[in-house]
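This report looks at how two chains of a complex meet, for a reader who has not seen the structure before.

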There are 6 protein chains.
Amino acid sequence: MDLVTFGEAMIRLSPRNFERLEQTTMLDVRIGGAELNVAVNAGRLGLETAWVSRLPNNPLGRMMRNKAREHGVDTSYIIWTDEDRIGLYFLELGASPRASSVMYDRANSAISKIQPGEVEWDGILEGVKAFHTTGITPALSDSAAEVTAEALEAARKAGCQITYDLNFRSRLWSREKARQVQTPFMEYVDILFTTEADTFRVFGIQRDKLAERFGFNIVVITLRDVISVWRNKWSAFAYSDGDFYEARTYDVEVVDRVGGGDSCTAGFLYRYLTTGDIASAIEYGVAFSALKHSLPGDFNWCTSEEVEAQLAGAGLRISR
Amino acid sequence: MDLVTFGEAMIRLSPRNFERLEQTTMLDVRIGGAELNVAVNAGRLGLETAWVSRLPNNPLGRMMRNKAREHGVDTSYIIWTDEDRIGLYFLELGASPRASSVMYDRANSAISKIQPGEVEWDGILEGVKAFHTTGITPALSDSAAEVTAEALEAARKAGCQITYDLNFRSRLWSREKARQVQTPFMEYVDILFTTEADTFRVFGIQRDKLAERFGFNIVVITLRDVISVWRNKWSAFAYSDGDFYEARTYDVEVVDRVGGGDSCTAGFLYRYLTTGDIASAIEYGVAFSALKHSLPGDFNWCTSEEVEAQLAGAGLRISR
Amino acid sequence: MDLVTFGEAMIRLSPRNFERLEQTTMLDVRIGGAELNVAVNAGRLGLETAWVSRLPNNPLGRMMRNKAREHGVDTSYIIWTDEDRIGLYFLELGASPRASSVMYDRANSAISKIQPGEVEWDGILEGVKAFHTTGITPALSDSAAEVTAEALEAARKAGCQITYDLNFRSRLWSREKARQVQTPFMEYVDILFTTEADTFRVFGIQRDKLAERFGFNIVVITLRDVISVWRNKWSAFAYSDGDFYEARTYDVEVVDRVGGGDSCTAGFLYRYLTTGDIASAIEYGVAFSALKHSLPGDFNWCTSEEVEAQLAGAGLRISR
Amino acid sequence: MDLVTFGEAMIRLSPRNFERLEQTTMLDVRIGGAELNVAVNAGRLGLETAWVSRLPNNPLGRMMRNKAREHGVDTSYIIWTDEDRIGLYFLELGASPRASSVMYDRANSAISKIQPGEVEWDGILEGVKAFHTTGITPALSDSAAEVTAEALEAARKAGCQITYDLNFRSRLWSREKARQVQTPFMEYVDILFTTEADTFRVFGIQRDKLAERFGFNIVVITLRDVISVWRNKWSAFAYSDGDFYEARTYDVEVVDRVGGGDSCTAGFLYRYLTTGDIASAIEYGVAFSALKHSLPGDFNWCTSEEVEAQLAGAGLRISR
Amino acid sequence: MDLVTFGEAMIRLSPRNFERLEQTTMLDVRIGGAELNVAVNAGRLGLETAWVSRLPNNPLGRMMRNKAREHGVDTSYIIWTDEDRIGLYFLELGASPRASSVMYDRANSAISKIQPGEVEWDGILEGVKAFHTTGITPALSDSAAEVTAEALEAARKAGCQITYDLNFRSRLWSREKARQVQTPFMEYVDILFTTEADTFRVFGIQRDKLAERFGFNIVVITLRDVISVWRNKWSAFAYSDGDFYEARTYDVEVVDRVGGGDSCTAGFLYRYLTTGDIASAIEYGVAFSALKHSLPGDFNWCTSEEVEAQLAGAGLRISR
Amino acid sequence: MDLVTFGEAMIRLSPRNFERLEQTTMLDVRIGGAELNVAVNAGRLGLETAWVSRLPNNPLGRMMRNKAREHGVDTSYIIWTDEDRIGLYFLELGASPRASSVMYDRANSAISKIQPGEVEWDGILEGVKAFHTTGITPALSDSAAEVTAEALEAARKAGCQITYDLNFRSRLWSREKARQVQTPFMEYVDILFTTEADTFRVFGIQRDKLAERFGFNIVVITLRDVISVWRNKWSAFAYSDGDFYEARTYDVEVVDRVGGGDSCTAGFLYRYLTTGDIASAIEYGVAFSALKHSLPGDFNWCTSEEVEAQLAGAGLRISR
């Protein structure tokens with residue numbers, strides 16, 4: 001197993017044609033969640049991945065498991081319950097000056113009720129190259145934060161590379177609590193993925209102080225320049241051990257930006273875990289995630305061949 | 001105001017084309033809930049109606065309010081909250097031998113958190129002809145049961161006719177608790193709507209013992225003969241003061257049976273409150289609710305003219 | 001040219017999934033009209049057909065022309081106008097006990113404004129085997145009735161077989177006016193298509209008195225037994241010169257019955273004009289029109305091979 | 001009542017995915033009309049509004065009433081008729097260089113047949129703060145122009161602020177007739193909403209001569225800079241009593257620009273009627289109407305909170 | 001591994017709403033193929049299954065692999081090619097008297113080009129309980145027939161139970177060739193699934209002579225009584241070693257009958273392989289496959305719990 | 001007859017909403033093919049056109065014929081076969097940086113199996129003004145190349161203007177084979193349509209050497225500047241006899257660019273064949289094809305009136 005991720009995924013319900021939720025009569029059903037997105041996308045690129053979560057044993061829980069499996073993610077570690085619900089999120093796609101927006105209905109989800117000791121981390125993480133989670137998981141509940149701590153400890157013990165995305169969600173917890181809970185986690189982390197804004201909100205520091213403060217091996221920062229809702233510039237850079245790696249900037253026409261950062265993480269990890277080359281990994285992650293913006297859904301249905309074509313300078317003309 | 005109802009309504013999400021929830025990629029969005037259905041349907045027929053509930057102040061809460069208003073229901077008594085969620089239900093339409101099925105996701109809904117004293121029942125019910133609620137409302141939570149008791153007391157004080165549908169929901173409470181909570185409510189009730197099965201499940205008695213036991217003025221029992229999932233026979237009868245009123249039986253082709261009983265209640269109340277004639281009311285209620293089965297959604301988009309046409313023997317040939 | 005038809009066709013707008021018009025958010029767009037249906041269907045079976053009408057020169061008028069052309073109907077005789085509108089009809093599909101229903105919005109359509117002298121009937125009908133119109137055309141307006149009279153006169157002069165479907169529409173004219181206007185037309189008619197109900201409504205006589213009264217060569221009567229909205233029995237018979245020809249009765253599952261009669265007319269005419277055999281023509285017309293009920297839209301997308309398979313006893317098992 | 005509007009609303013039928021009307025097989029059904037749009041939008045923001053019109057008593061007329069009611073508009077003054085039709089309009093959404101376009105099918109609509117004396121203006125307008133109509137209403141028919149004159153007279157008598165949008169429609173009347181009919185109306189008007197182009201087309205003068213010529217209290221001019229069909233710059237300014245109020249200009253990505261001006265009117269009136277502050281009202285109106293361009297339909301489903309967020313500098317990043 | 005199946009699966013394209021293929025503007029995309037259906041369905045019930053096939057390395061090939069994986073089927077034995085195409089089939093859903101029909105476009109599919117030696121049967125089948133294929137696989141091409149022979153030989157060697165569905169497809173080969181090719185295969189087969197009609201078409205014998213002639217351990221015969229296209233009676237029976245096992249007959253309302261037989265096979269195998277009880281297995285297979293008819297697609301999205309509920313007498317009333 | 005074209009058209013299947021093919025559950029069905037596109041579009045503008053091809057006698061073949069006929073194209077020369085399949089192509093619409101892409105499934109199509117002698121070119125081309133084909137036709141198969149040669153010979157004999165679009169498709173043949181096969185064809189060609197890129201790929205020369213090298217009367221070169229996937233600049237120029245004709249450049253918002261070049265060809269031919277004026281024809285072709293980009297499908301549903309409006313400076317404001 002190359003990569004194990006841990007966290008919540010939700011049923012994603014979104015109106016078509018830029019409708020507001022209040023006006024819609026139909027919702028597209030997809031799924032998504034930061035850690036599942038990384039597992040799926042890295043799996044599509046070629047890593048062997050697994051996703052750990054807790055799901056209700058009902059049609060929506062099964063749909064979640066099915067769709068993870070559809071992309072080859074190992075779902076055998078999922079904990080099933082007959083009690084709780086699955087989280088939902090409602091996504092409205094915007095147009096300038098109206099930003100896209102997400103409304104969550106995730107309280108009391110099965111994963112938020114997870115308890116320490118429920119996951120057999122040692123067995124799961126044995127021989128695994130990397131473990132990934134994000135700042136959303138400990139924000140779900142105190143017990144989810146405890147299980148996150150268990151996971152990090154087990155991952156260190158198992159010798160996994162530990163990768164973490166800050167992913168601050170102000171609807172789930174305060175900046176203060178996010179800092180308090182996650183500061184101890186940071187000492188486990190080898191590779192941190194984040195944005196400038198989240199760095200500041202959670203730790204109150206500039207992004208370039210991160211490695212210095214926490215001793216990360218690698219820090220990856222994604223950069224989004226929002227020209228308009230439909231048009232962004234997108235890039236990322238990494239720094240490690242005093243070196244700085246900057247990727248090409250892409251002009252992206254935004255069909256759906258949700259999951260953009262997760263695609264960058266997945267692309268970076270795929271290339272980094274298979275080559276160990278940070279410069280190549282950051283270019284790969286950015287190209288892969290730039291492509292993500294062009295299609296609907298949290299997942300990135302592009303292929304490794306398509307990423308390579310971007311890196312080789314694929315143009316915008318119709319391919320046939 | 002002719003009729004005030006009190007209860008929960010939910011966002012209703014259903015796949016098209018007989019898809020299972022687990023396989024679907026799209027959900028139709030409608031709304032429904034027993035007491036709202038009665039308010040909407042009676043309002044469409046011509047009564048002045050209001051619906052009392054508690055809703056979150058978000059797009060889905062507003063959608064609910066809007067769609068009640070769309071049918072002329074007075075929504076000014078709704079209590080708004082910034083805290084809670086709206087309930088959801090997922091509906092799968094079946095085909096023999098697979099019955100249609102409903103999966104609820106209604107825990108912790110705004111209405112279930114309603115507190116005694118929150119609704120100004122006296123002001124709302126003053127001068128109102130009838131008050132209606134169902135056995136779903138007190139099943140939502142203990143506090144909702146307390147508010148139901150408040151409402152019944154206020155309705156009696158205001159001189160409303162009190163009408164009640166047993167509507168037993170085994171996912172919400174046990175038969176025992178349903179009996180224990182509702183037995184005291186029954187003494188307030190003038191008109192009871194129910195089925196043979198619910199009577200037995202809640203009170204452990206036969207339907208013809210209801211009036212005797214609880215002293216209802218009128219009991220209305222709906223009758224469904226499920227030939228197949230797509231083909232039912234549908235009727236109802238009433239008894240009052242020793243008299244028995246039996247309506248015509250309709251062969252219905254079932255597009256969507258959800259809300260069938262609520263349509264019968266609404267039709268009965270409309271005709272009974274405007275004419276006082278039970279025989280005519282039961283025929284009207286059955287005709288109106290037979291029509292309901294022919295269209296999607298909890299609400300009954302048929303008109304009073306269409307009900308009259310049924311009563312006058314409208315045939316099945318295309319009308320043009 | 002084998003067959004020229006004359007009349008109105010409308011844009012047909014219908015909700016999906018048995019929705020009522022009042023509740024819908026989406027309409028399927030198709031087209032239809034009795035005389036166009038006959039031209040299209042007979043054309044699909046193999047006759048060379050043309051349709052004469054009057055259309056506005058706008059996207060909806062062009063859509064109408066295009067879709068007639070799609071089935072090979074000669075549309076070169078259509079009269080175009082920059083002034084008027086195209087007629088619309090809204091179709092609601094029902095389920096027992098709610099019949100399907102049609103709401104017309106056809107007043108002031110381009111064809112209703114047609115004027116005597118506007119169509120070059122002599123040129124159009126020269127060498128044509130059969131001319132067909134229905135009782136809808138003269139009902140549209142007085143001038144349309146005058147043009148119908150012109151057409152009948154020209155058709156007789158050109159030696160066409162004249163075929164006519166009574167198609168009584170009570171929203172367009174009264175029984176009295178229908179009788180008064182059409183009685184003189186009947187002396188031109190060689191083959192009459194009708195139902196028992198229309199015969200009585202228009203002429204106040206039984207169907208078996210038709211030939212006797214008006215001297216038709218052939219009378220074709222369609223028979224629909226409406227078991228339920230979704231299930232009909234469908235057949236027809238013909239009589240001619242004292243002989244009686246009865247077709248097989250089909251159990252039809254009704255997807256869309258609009259245009260059923262027109263399919264029977266088209267199938268009968270196709271077979272009769274190519275073989276002269278009434279017995280075979282009535283079987284062919286009924287088989288073809290039974291198939292029509294199984295698909296959406298006024299037109300009959302079935303093929304001659306599929307009709308032959310029905311006549312040869314095709315079963316109901318999946319064909320692969 | 002804060003605001004009463006008077007005019008026509010139509011069923012709006014539009015193809016999806018930039019299809020041309022001629023090629024489409026499906027139409028989205030919405031509703032719209034300048035004066036209803038203002039009533040709905042101002043109602044959504046918080047004003048108490050009513051809409052006066054004349055509708056046919058059929059499913060489409062009821063749909064119109066329902067959807068006005070859905071947004072809390074008082075529809076009790078609508079005049080119902082069993083005779084006439086409802087107007088329709090077909091909307092094609094464009095892409096450069098093809099502009100979006102509207103095809104009307106509104107002739108002989110119920111509202112165009114309205115007669116003087118049919119509306120009880122005095123009762124309706126008593127105690128109302130503002131009355132709004134547009135140049136479309138008198139263009140519908142001579143009798144509609146007469147009823148408009150009645151309304152203006154009654155509104156002055158009732159002490160309403162009278163607001164008017166020139167909204168010139170060349171398909172309905174000539175520039176000459178528009179000038180001739182509306183010039184006398186202008187003396188009633190307190191607040192005029194218009195564009196530079198309409199001012200010139202109707203009155204043959206520059207926009208800055210309007211107040212001088214007609215003595216309006218306030219003139220509001222919307223400004224649209226059409227960079228491309230999908231990208232506009234949008235703003236407005238007001239002048240009153242020699243002062244000039246200029247709003248921020250928004251870059252808008254255009255999902256649907258129909259109803260943009262009506263949203264500006266509604267936003268302006270909401271803020272102006274509640275605060276009396278022109279500077280704030282023009283900023284509010286422009287922000288609200290800029291948001292309108294981002295969603296499908298004539299109505300503006302954005303909320304007052306979202307307008308405030310724009311005024312406070314909401315960015316374009318996803319909100320979650 | 002419990003079960004390995006081998007064969008072709010195709011992209012399945014079907015119009016909605018009973019449209020004919022010739023008239024449609026939209027196709028639902030699903031996948032299906034007899035052997036994949038069995039692997040998916042048995043996997044859903046709880047067996048560990050794998051599917052062996054040959055697919056093109058393009059989006060449609062990947063979709064096929066994904067959707068097999070979605071249901072937990074092991075897809076690691078699929079052979080990928082850059083050369084060939086994937087087969088398609090077009091499905092029209094019918095209504096009496098028009099049967100549903102399938103049009104194949106499967107010539108030159110990747111699987112039809114499979115070559116002997118390409119599959120490592122020995123490794124794949126080691127330790128596997130059962131191997132399943134059908135008469136479609138050898139019909140695809142001579143080389144596919146050779147690979148089928150290889151597989152049967154390897155399966156016997158590996159000690160698998162060998163199960164086979166005759167599935168005669170007249171568009172793929174003649175009765176004579178089907179007999180000639182498959183007769184030698186029959187000696188490998190432990191459990192034969194078929195229908196009376198296929199038995200006769202392929203072997204020219206009655207179904208009750210099958211075991212006698214070929215020495216099968218178990219023969220399972222499905223029984224379909226086609227009351228109408230939308231209403232079938234469905235059952236099956238098994239015989240083994242002189243004993244006869246007859247299952248309950250279900251009245252099914254047919255949403256989609258494609259894959260019905262494969263569901264019966266999967267249900268039978270699941271229960272038989274886990275219990276060895278033929279009587280229980282035939283009841284289970286019939287209940288599971290009766291449920292299949294109620295939902296769209298070749299796959300059976302029902303659960304083991306739902307099958308058990310059927311066996312325990314689940315009714316047709318809505319479940320909530 | 002003004003124009004006869006010869007070539008393949010395919011069923012075009014495309015996901016909605018920028019979905020990838022691998023993720024879609026629904027495909028829009030349209031048709032297209034370079035030579036049919038030219039016939040349809042020129043026919044819509046007013047030329048009398050016919051399309052020669054070879055089609056399978058099945059629902060998809062009939063759909064193709066129907067949709068050509070829908071636009072008035074003469075389809076009577078199509079050769080029908082009971083044997084072969086129709087070609088398909090799958091279109092994914094992109095967003096920067098992901099280009100749109102086409103995946104063909106056209107091998108073994110009916111037209112690729114066409115044989116010399118199968119088309120009666122002399123009869124078809126007699127009296128025809130122009131014959132058009134493209135470099136796709138001879139690329140389909142050797143026999144298709146032979147039939148192309150027959151057609152060119154017959155067209156010269158019949159005195160047609162011969163027009164040709166290079167349309168190089170690298171998936172169908174190599175540059176070398178394209179050059180070798182087409183070089184002899186070029187001596188027949190009067191008007192060549194191409195791009196700079198295709199000129200170089202096929203003949204290895206610059207576009208301005210084309211006339212010199214092959215002696216064409218007119219060369220038309222389309223120019224696409226791909227600012228982004230959604231935004232192109234589009235123009236074309238012609239040169240003839242030493243003169244150079246340059247059209248206006250359009251900013252186009254790209255809904256669907258497939259068929260853009262074919263629209264330019266059709267517009268140019270329409271204007272050139274009716275006026276003989278190259279300068280006007282190139283402006284017309286570019287305006288018509290700029291409009292094409294704004295709507296879905298290979299065909300250009302814009303009208304001659306709309307082209308004239310563009311040429312006269314139609315703006316981007318909504319037309320109503």
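What follows describes the confidence of the model and then the contact between chain F and chain D.

The model is predicted, and the predictor assigns the complex an ipTM of 0.96 together with a pTM of 0.97. For chain A, the average pLDDT is 97, and 100% of its residues score at least 70.

Where chain F meets chain D, 25 residues of chain F and 28 residues of chain D take part in the contact. Between them the two chains bury about 2500 Å², with 52% of that area on carbon and sulfur atoms. On the chain F side, the most area is lost to chain D by Glu253(F), Leu316(F) and Arg320(F), which together account for 34% of what that side buries.

The table gathers the counts for this pair of chains.

| Item between chain F and chain D | Value |
|---|---|
| Salt bridges | 3 salt bridges |
| Polar contacts (both residues at pLDDT 80 or more) | 13 residue pairs |

At least two residues of the side of chain F that touches chain D come from each of strand S15 (250–253), helix H10 (278–292) and helix H11 (304–311) of chain F. The largest share of that side, 4 residues, is supplied by S15(F). By residue type, the side of chain F that touches chain D divides into 13 nonpolar, 4 polar and 8 charged residues.

One salt bridge can be described by its partners: Glu306(F) pairs with Arg20(D), and their closest N and O atoms lie 2.5 Å apart.

Definitions and conventions
Residues are numbered from 1 along each chain as its sequence is written. Chains are lettered from A and ligands numbered from 1 in the order in which they are written. This is a predicted model: local features need pLDDT of at least 70, side-chain atom pairs count only at pLDDT 80 or more; totals for chains, interfaces and linings use all residues. Side-chain values use heavy atoms; hydrogens and water are left out. pLDDT is the predictor's confidence in each residue, from 0 to 100. Contact means heavy atoms within 4.5 Å. Buried area is the accessible area (1.4 Å probe) that two parts lose on being put together, summed over both. A salt bridge is a side-chain nitrogen of Lys or Arg within 4 Å of a carboxyl oxygen of Asp or Glu. A polar contact is a pair of N or O atoms within 3.5 Å; within protein, one must be able to donate a hydrogen and the other to accept it, and residues adjacent in sequence count only if both atoms are side-chain atoms. Ala, Val, Leu, Ile, Met, Phe, Trp, Tyr, Cys and Pro count as nonpolar, Asp, Glu, Lys and Arg as charged, and the others, Gly among them, as polar.
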